[in-house]
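New to this one? Here is a quick tour, starting with the overall layout and then moving in to the ligands and a few single residues.

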Amino acid sequence: MRKFLRTVFLVDLIQGLRVTLRASNPKNICTEQYPSERPKVAERYRGAPRLNTNPETGETLCIACDLCAKACPESLIVVSSERNEQTRRKELTTFTYDTSRCMFCGLCEDACPVDALELTQDFELASYSRKGAIWDRKMLEEGPRPKHYKF
Ligand code: SF4
Ligand code: SF4
């Protein structure tokens, strides 16, 4: 009889709804509300690569030594340069970094003798195509510009 009454008066359904509504209360939400709230990543997090420039002159810090490319176990960094006949120094011409193949091990960053290459705390690396995952020098110097949503 008790079971019959519970079924007729939808007691189980109402109890289930109570649980759902209680969990929907914004005070009880404990999952991260990304993208309206941006997560704080760990201090030692290794994310988007950045090719640093001199903040005063805007010139690249990269000396085109190719050590990062040689250190990378995935061989995903391609550095090319040309020699300046006046200064006799190598100058960076192109720098590409395939983020889709990167495992963010940091070996390239450690190999760089002038701290030009850095793995930053930027974590939004998604792109609509595989081609978009290959970052050129401009992208590496400017960094990703993810859309910041406002709710
Ligand atoms: S983080 Fe590791 S896998 Fe990624 S480019 Fe650097 S060395 Fe290669
Ligand atoms: S190791 Fe550093 S300086 Fe050398 S090519 Fe890579 S980013 Fe440039």
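The chain carries 5 helices and 5 strands, and what you are looking at is a predicted model. In sequence order, those elements run α-α-β-α-β-β-α-β-β-α. The radius of gyration is 25 Å, well over the 15 Å that the globule rule gives for 151 residues, so the chain is more spread out than a compact globule.

**Overall layout**

- Along its principal axes, the chain's C-alpha atoms take up a box of roughly 95 × 30 × 25 Å.
- The domain assignment splits things into domain 1, covering 1–30, and domain 2, covering 49–142.
- Going by C-alpha atoms, the centres of domain 1 and domain 2 sit 56 Å apart.
- For a feel of that spread, take Asp12 and Val79: they are 67 residues apart along the chain, and their C-alpha atoms are separated by 65 Å.
- Asp12 belongs to helix α2, and it counts as exposed because it has 10 C-beta neighbours inside 10 Å, where 12 or fewer is the cut-off.
- Of the contacts between residues at least 6 apart in sequence, 66% link residues at least 24 apart.

**The core**

- Buried residues account for 14% of the 151 residues in the chain.
- In soluble globular proteins, nonpolar side chains tend to end up buried together.
- Here, the largest nonpolar core has 16 residues, and the ones with the most contacts inside it are Leu51, Cys68, Ile77, Phe95 and Leu140.
- Which elements give two or more residues to this core? They are α3 (67–71), β2 (77–83), β3 (90–98) and α5 (137–142).
- Cys68 is a handy residue to click on: leaving out residues up to four places away in sequence, it touches Ile77, Cys108, Ala111, Cys112 and Leu117.

**The two ligands**

- The residues around ligand 1 include a run from Cys102 through Met103, Phe104, Cys105, Gly106 and Leu107 to Cys108.
- Ala71, Cys72, Glu74, Leu76 and Ile77 are also among the residues around ligand 1.
- By class, the ligand 1 shell has 10 nonpolar residues, 1 polar and 1 charged.
- How many residues surround ligand 2? There are 13, and the closest are Cys62, Cys65, Cys68, Cys112 and Leu117.
- The ligand 2 shell breaks down into 12 nonpolar residues, no polar ones and 1 charged.
- Cys68 turns up twice in this story, as one of the closest residues to ligand 2 and as one of the core residues with the most contacts.
- Ile77 does double duty as well: it is one of the residues around ligand 1, and it is among the best-connected members of the core.

**Backbone oddities**

- The peptide bond from Tyr34 to Pro35 is cis, with omega near 10 degrees.
- You'll find Pro35 in the loop between α2 (11–24) and β1 (49–51).
- Ala64 has a positive phi of about 55 degrees even though it is not a glycine.
- Ala64 sits in the loop between β1 and α3.
- Is Ala64 buried or exposed? It counts as buried, because 20 C-beta neighbours lie inside 10 Å and 20 or more is what burial takes.
- Phe104, not a glycine either, also has a positive phi of about 55 degrees.
- The loop between β3 and α4 (107–111) is home to Phe104, which is partly exposed with 15 other C-beta atoms within 10 Å.

**Two more loop residues to visit**

- Ser100 lies in the loop between β3 and α4, and it is partly exposed with 14 other C-beta atoms within 10 Å.
- Not counting residues up to four places away in sequence, Ser100 touches Arg130 and Ala133.
- Ser100 and Ala126 are 26 residues apart along the chain, with 9.2 Å between their C-alpha atoms.
- Gly58 is placed in the loop between β1 and α3, and it counts as exposed, with 8 C-beta neighbours inside 10 Å.
- From Gly58 to Thr93 it is 35 residues in sequence and 15 Å in space, C-alpha to C-alpha.

Note on methods:
Residues are numbered from 1 along each chain as its sequence is written. Chains are lettered from A and ligands numbered from 1 in the order in which they are written. This is a predicted model: local features need pLDDT of at least 70, side-chain atom pairs count only at pLDDT 80 or more; totals for chains, interfaces and linings use all residues. A residue is near a molecule or strand if its C-beta atom, placed from the backbone, lies within 6 Å of it. Ala, Val, Leu, Ile, Met, Phe, Trp, Tyr, Cys and Pro count as nonpolar, Asp, Glu, Lys and Arg as charged, and the others, Gly among them, as polar. Domain bounds come from an automatic or database domain assignment. Helices (H or I, at least four residues) and strands (E, at least two) are DSSP runs, numbered from the N terminus. The radius of gyration is taken over C-alpha atoms; the globule rule is 2.2 Å times the number of residues to the power 0.38. Two residues are in contact if their C-beta atoms, placed from the backbone, lie within 7 Å. A nonpolar core is a set of buried Ala, Val, Leu, Ile, Met, Phe, Trp, Tyr and Cys residues joined through C-beta atoms within 7 Å.
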